[in-house]
Amino acid sequence: MAQIIVENLRKRFIVAKRRKGMLGALAGVVHREHRVVEALAGVGFTVEAGELVGYIGPNGAGKSTTVKVLSGILVPDEGRCEVQGRVPWLERIEHVAHIGVVFGQRTQLWWDLPVVESFDLLRDIYRVEQKDHARRLEQLVAALDIGGILDTPVRQLSLGQRMRCDVVAALLHGPRLLFLDEPTIGLDAPAKLAVREFIRELNREHGTTVILTTHDMDDIEALCSRVVVIDRGRIFCDGSLDALRARVGVERRLTLELESDASLEIEGARIVEREGPRVVLAFDPERISPAALIARITEQHPVRDLLVENPPIEEIVARLYDDAREETS
Amino acid sequence: MFEHLRLYTRYFAVSVRSQLQYRASVLMTMIGHLLVTGFEFFGMWALFDRFGQLRGWSLAEVALLYGMANIAFAFAEAAGRGFKIFGKMVRNGDFDRILLRPRGTAFQVGAQHFELVRLGRLLQGLAVLGYAVVELDLIVSAPRVALLGSAIVGGACIFTGLFVVQATVAFWTVESLELFATVTYGGVETAQYPMAIYRDGFRNFFTYVIPLAFVNYVPALAVLDRPESFGPQWLAWMSPLFGVAFLWLCLQGWRVGVRHYRSTGS
Amino acid sequence: MRAYLAIFGARFRALLQYRAAAMAGLVTQVFWGFVRVMIFTAFYASTDAPQPMTLAEVITYIWLTQALLRLLPWQPDTDVEQLIPDGNVAYELMRPLDVYGLWFARAVALRSAPMLLRCLPMLLPAYLWFGMGLPASPAAAVVFLVSVLGAIVLSAAITTLLSVSMLVTISGRGIHVLSISVINLMSGAIVPLSLLPDWSQPVLTLLPFRGLLDTPFRIYLGHLPLDAAAGAIAHQFLWALGLMLLGRMLLQRALRHVVVQGG
């Protein structure tokens, strides 16, 4: 049986409208107007144990609402949802004992305490056996390299250090399912790589299912074999990254460093960027192969350096969101 | 049950250790709280000095009520502080994390903070109670001590319940209504004086809606061997029952609040 | 001068926005008022001996206390309190204004706006239904208002001094818990000062706190004939001036220290 089953999930929020000006504020005391926001309009997907899924969408699409329902915080209006065989919001305590959640923007650690004391407290809260706790702690501390900061109060940690500790905290009770919400936000490059590598290992070696919600497309590209795109409360797209690329359009990029500033016009390619001798061209590999295009260019212009690559994933996703908007409107 | 107690002790240790990092400040503030309540008692003393008695109650007798009420309230204030800061938690989104832990929400919110400085009021309450016992020449017998103890337990439960109610409001409105400070701090001020001096409507509210009379006035009558009766003698021993029942009711209200939070998403 | 008035005006208007809190606070204060009235009624019923104030006067005093309660300088200005952990003290120095004047103007707004929001809704029902009496005479009413102004200025001076103390001491917290109780007792908020023991009267007369509530209230009740009232009001303003000078001096010293340390 799939680890996560979601079917026709619906949730609407009633938001009070704010009135403008003094008269509006006074009127607002007497009578409040409301509008209905449909955060989830029939979301459905399944996730098997051991998958590493990216869950993306524009702001306000319903990502965090979905995660809140899946983690048991929020009760939906309609629909079916089962995680590890339980309905999250009906069996809250049982359910949360078997999942881990990391919020990139809020720490779950106790601010004034040394890190290790937060871990000890969590051990008692989650009722973990002492030897299991010790074993897991040792592995996680080594994997995320936080041995040196275990005795440091959380408020003295850097963002990268704190994030690594939060990941450890979320895994101390050995959950088979991990939700990560913006885990690399604000981190410097080495920290990002460390966290990414850890997640990859966790998923590959231990089979922990990971649901990753993020705006950082590099994370998605580096980690996720499968991406689910949500927009305006509906699943727009669900498949591999390559399938996503294919869906949006198969343009590839050719970046050139020419010898001169001469203007460039090549049939079969359009100019995306131009700065002095540096040119970025977009072309459709179905119509013209990279080799042919390069040949065409070098016939007319001496080239100092070149690079062929896929368009940045941000662009793919942005295009995807635009298409989603068109489709749903 | 014991497992919860063990976890509570851990939370308690964490909270206290965190506060003891600022030892000097804690001590000063505790003395401050001690003196605050001391000044209030001076006001009461001054009135007795001038008027002699309060409807047949002497200063020492009222001091007994005063001591009991303040000791009970001090415990509730110290232990229930988590509920006080709860409003901020909801606004920050920190309550979500509470929901993500495999423990009861009220337990977590209540256990998260034990405010040491509130024990300043405890010291003052004990001092006033001590004065009352000495001044009244009360024999410190086991039943008397048990009666006082059970009354204080009941009182602490009621005041804690009121703090829970105050926190529950935060699920609905952002402003933790000052309204409820009325009932908590107003409640302890009311309990410091004999219920007999209050108007009927007022007295009934603090007897039947919030059973403060049963955890303070009625046991005091028994301890002081006073002639007034408020029902059968054994009622004086029922304080913990009233307290726990009231607290239980308040916690039901809390659950309604949590349900509301989980369906509206804060 | 205009700048200070502007600062005062801005804060004043901002504070007037807190209507909901004021209404909620009203319920609290009516409750407190009633409890006190019942307690004093019981006390007065317990003895026939004559007292410095009649029960009716005490009841008026109690409701006046509730109406003006918000002007008491319980705490330093929270804006200032926030400056320190945020490390923004340096920014205060960069304003083209005398820092003390700035803080004082804000304090005046802080001690007048919330009080004004509540006093009318408090006084009307108190007079109509709760047993509060009218001023002893039209002259008394006028002098009363002057005295309330004095109380506001005095309260602002105390508030600013408390705010300055936050810069000077490391752990300001303990002082403030203390200040609330001292102020409450010595201003008359807990027990009308005339009812406190005779041996305490000299101290109470000397200290500034009676100027916050007791002085205006005694004028209202007609217990202070005109010349004595003038003296009492002078007492208010003199103390206010003294505390302002003290606060100003301490602040300048503290700010110099801040600059030296690099904020």
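Here are four short exercises on this predicted model, each with a worked solution.

Residues are numbered from 1 along each chain as its sequence is written, and chains are lettered from A and ligands numbered from 1 in the order in which they are written. Because the model is predicted, local features need pLDDT of at least 70 and side-chain atom pairs count only at pLDDT 80 or more, while totals for chains, interfaces and linings use all residues.

**Exercise 1. Find strand β7 of chain A and work out its surroundings: which strands pair with β7(A), and are its faces covered or open?**

Step 1. Start with the division of chain A: domain 1 covers 4-246 and domain 2 covers 252-310, with bounds from an automatic or database domain assignment. Their C-alpha centres lie 42 Å apart.

Step 2. Now list the partners. Strands (E, at least two residues) and helices (H or I, at least four) are DSSP runs, numbered from the N terminus, and two strands pair if DSSP finds at least two bridges between them. β3 (residues 52-56) pairs with β7(A) in the parallel sense over four bridges, and Y55(A) has T213(A) as its bridge partner. β6 (residues 177-181) is also parallel to β7(A), over five bridges, with L177(A) bridged to T209(A). From β6(A) the chain crosses through helix α7 (residues 189-206) to β7(A) in a right-handed β-α-β crossover; right-handed means that, with the strands pointing away from the viewer, the path from the first strand over the helix to the second runs clockwise.

Step 3. Check burial. A residue is buried if 20 or more other C-beta atoms, placed from the backbone, lie within 10 Å of its own, exposed if 12 or fewer, and partly exposed in between. In β7 (residues 209-213), five of five residues are buried. In a regular strand the side chains alternate between the two faces of the sheet. Here T209(A), I211(A) and T213(A) are buried on one side, and V210(A) and L212(A) on the other, so both faces are covered.

**Exercise 2. Compare two loop residues with positive phi, E182(A) and D137(B): where is each one, and is it buried or exposed?**

Step 1. Most residues other than glycine have a negative phi. E182(A) has phi near 50 degrees, and D137(B) about 60 degrees.

Step 2. Place them: E182(A) sits in the loop between β6 and α7 of chain A, and D137(B) in the loop between α8 (119-135) and α9 (142-168) of chain B.

Step 3. Count neighbours within 10 Å: E182(A) has 18 other C-beta atoms, so it is partly exposed. D137(B) has 7, so it is exposed.

**Exercise 3. Describe the fold of chain B: how many helices and strands are there, and what is its radius of gyration?**

Step 1. Chain B has 14 helices and zero strands.

Step 2. Its radius of gyration, taken over C-alpha atoms, is 19 Å; this agrees with the value near 18 Å for a compact globule of 266 residues, by the rule of 2.2 Å times the number of residues to the power 0.38. The C-alpha trace spans about 55 × 40 × 35 Å along its principal axes.

Step 3. Of the 266 residues, 48% count as buried. Among contacts (C-beta atoms, placed from the backbone, within 7 Å) with a separation of 6 or more, 82% join residues 24 or more positions apart.

**Exercise 4. Turn to where chain C meets chain B: which helix of chain C supplies the largest share?**

Step 1. 31 residues of chain C are in contact with 35 residues of chain B. On the chain C side, α2 (19-45) and α8 (173-187) each supply at least two residues.

Step 2. The largest share, 14 residues, comes from α2(C).

Technical notes. Contact = placed C-beta atoms within 7 Å.
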